[in-house]
Amino acid sequence: MKKIGIITSGGDSPGMNACLRAVVRAAVHFNMEVTGFYKGYEGLIDNDYVNLNTTSVSGIIQRGGTILKTARSKRFFTDEGQNKAAQHLKDHGIGGFVVIGGDGSFKGAIELSKKIDIPIIGCPGTIDNDLIGTDFTIGYDTAINTVVEAVDKIRDTAESHDRIFVIEVMGRDAGLIAIRSAIASGAEALLVPEMKNDIEVLIGKIKNWRTSKSSKIVIVAEGEQYGGAYKVAELIKKESPEFDVRVTVLGHIQRGGNPTCMERVNASLMGYNAVIALRNGRRNDMVGIINNKITFTPFEKSVKHIEQLDRNLLNMIEVLSS
Ligand code: F6P
């Protein structure tokens with residue numbers, strides 16, 4: 001393998017740059033050239049590329065976002081888009097391909113592999129942490145730390161006014177940002193897409209919390225069943241007008257910022273091992289880290305959503321938030 005291609009794809013996540021840096025530096029170390037395509041599959045379709053070398057990835061390990069830019073490509077869902085992308089890879093003489101992205105990006109990789117016979121390795125880049133085959137995806141640790149920092153600040157004002165805050169975090173289909181940030185910020189309750197959340201139960205809980213508890217934080221994942229934080233706050237107010245309720249939607253702040261130390265290390269490990277995997281003849285697998293060990297999971301399996309949240313974590317929230 002003389003040349004590899006790489007994209008960052010889907011929603012950006014802090015640590016993508018660290019992963020890209022590791023891929024490029026490892027490839028150069030093993031005497032391979034690297035071509036990066038801008039904006040994920042869009043750049044592959046348009047042949048919008050840059051040749052990357054050791055210095056192209058200098059000074060990026062600490063930066064959020066992705067220097068390769070990213071996109072959610074609608075055109076890549078079409079046969080025409082996929083054929084163009086495959087043709088451009090052939091024209092460049094690319095013998096192996098790395099995709100840094102989430103489930104949509106790996107579904108794209110599965111389609112691409114039907115059009116061109118080159119090995120593809122995925123590095124899990126998404127703040128959602130919702131891929132099977134890794135304990136942590138690139139971006140998750142930074143995102144939850146961002147959430148916790150924000151909730152700590154909200155807690156100060158909530159305490160001062162004896163208020164309930166309903167705080168919305170990202171996660172269209174997954175409550176994994178919500179669950180860990182709820183634990184770490186000492187939140188009183190949690191609403192997530194994976195569970196049938198009963199608003200009556202939540203309101204009952206709020207009413208029964210000890211009176212000495214002056215602030216109450218409810219963390220809501222954006223994809224939960226009632227339609228997000230504003231809707232949940234409305235339902236609480238309707239049932240219990242006596243509560244002073246406020247809403248904060250954290251939004252895209254969760255996707256930015258300098259990656260944490262853990263993120264940089266994991267992203268580097270995944271990028272480095274993606275190159276080793278390509279050299280070893282692996283194909284169509286996502287690299288992950290489980291129990292501190294590098295693992296590989298076929299794309300078909302990795303894109304299946306984690307359906308159940310860790311019961312132990314959920315039970316713990318119930319007990320510790322009393
Ligand atoms: O997949 C990552 C994610 O941040 C989700 O948590 C969120 O629902 C979605 O992307 C938002 O996507 P966009 O930035 O395209 O609106």
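Trainee: Which pocket is the space taken by the ligand?

Mentor: This is a predicted model, and the place to begin is the ligand, whose surroundings include Arg72, Ile127 and His252. Among the pockets of the protein, the space that the ligand takes is the largest pocket.

Trainee: How many charged residues does the shell around the ligand have?

Mentor: The residues around the ligand are Arg72, Ile127, Asp128, Met170, Gly171, Arg172, Glu222, His252 and Arg255. Sorted by class, this shell has 2 nonpolar and 2 polar residues, and its charged residues number 5.

Trainee: How far from an oxygen atom of the ligand is an N or O atom in the side chain of Glu222?

Mentor: Polar side-chain atoms approach oxygen atoms of the ligand from several residues, with one of Arg72 at 2.9 Å and one of Asp128 at 2.6 Å. For Glu222, the distance between a side-chain N or O atom and an oxygen atom of the ligand is 2.4 Å.

Trainee: What share of the accessible area of the ligand does the protein cover?

Mentor: On its own, the ligand has 390 Å² of accessible area. Of that area, the part covered by the protein is 77%.

Trainee: What distance separates the centres of domain 1 and domain 2?

Mentor: The domain assignment gives domain 1 (3-139 + 259-302) and domain 2 (141-255), and each of them supplies at least three residues to the shell around the ligand. The contact between them takes 15 residues from domain 1 and 13 residues from domain 2. Taken over C-alpha atoms, their centres are separated by 34 Å.

Key. Residues numbered from 1 in each chain as written. Predicted model: local features only at pLDDT ≥ 70, side-chain atom pairs only at ≥ 80, totals over all residues. Heavy atoms only, no water. Near = heavy atom within 4 Å. Polar contact = N/O pair within 3.5 Å; in protein donor to acceptor, adjacent residues only side chain to side chain. Areas by Shrake-Rupley, 256 points an atom, 1.4 Å probe, with all protein chains shown as cover. 1 Å grid on protein atoms, 1.4 Å probe; cavity = no way out; pocket = protein on both sides within 12 Å on 5 of 7 lines; lining within 4 Å. Sits in = over half its atoms within 2 Å of the grid points. Nonpolar A, V, L, I, M, F, W, Y, C, P; charged D, E, K, R; others polar. Domains from an automatic or database assignment. Contact = heavy atoms within 4.5 Å.
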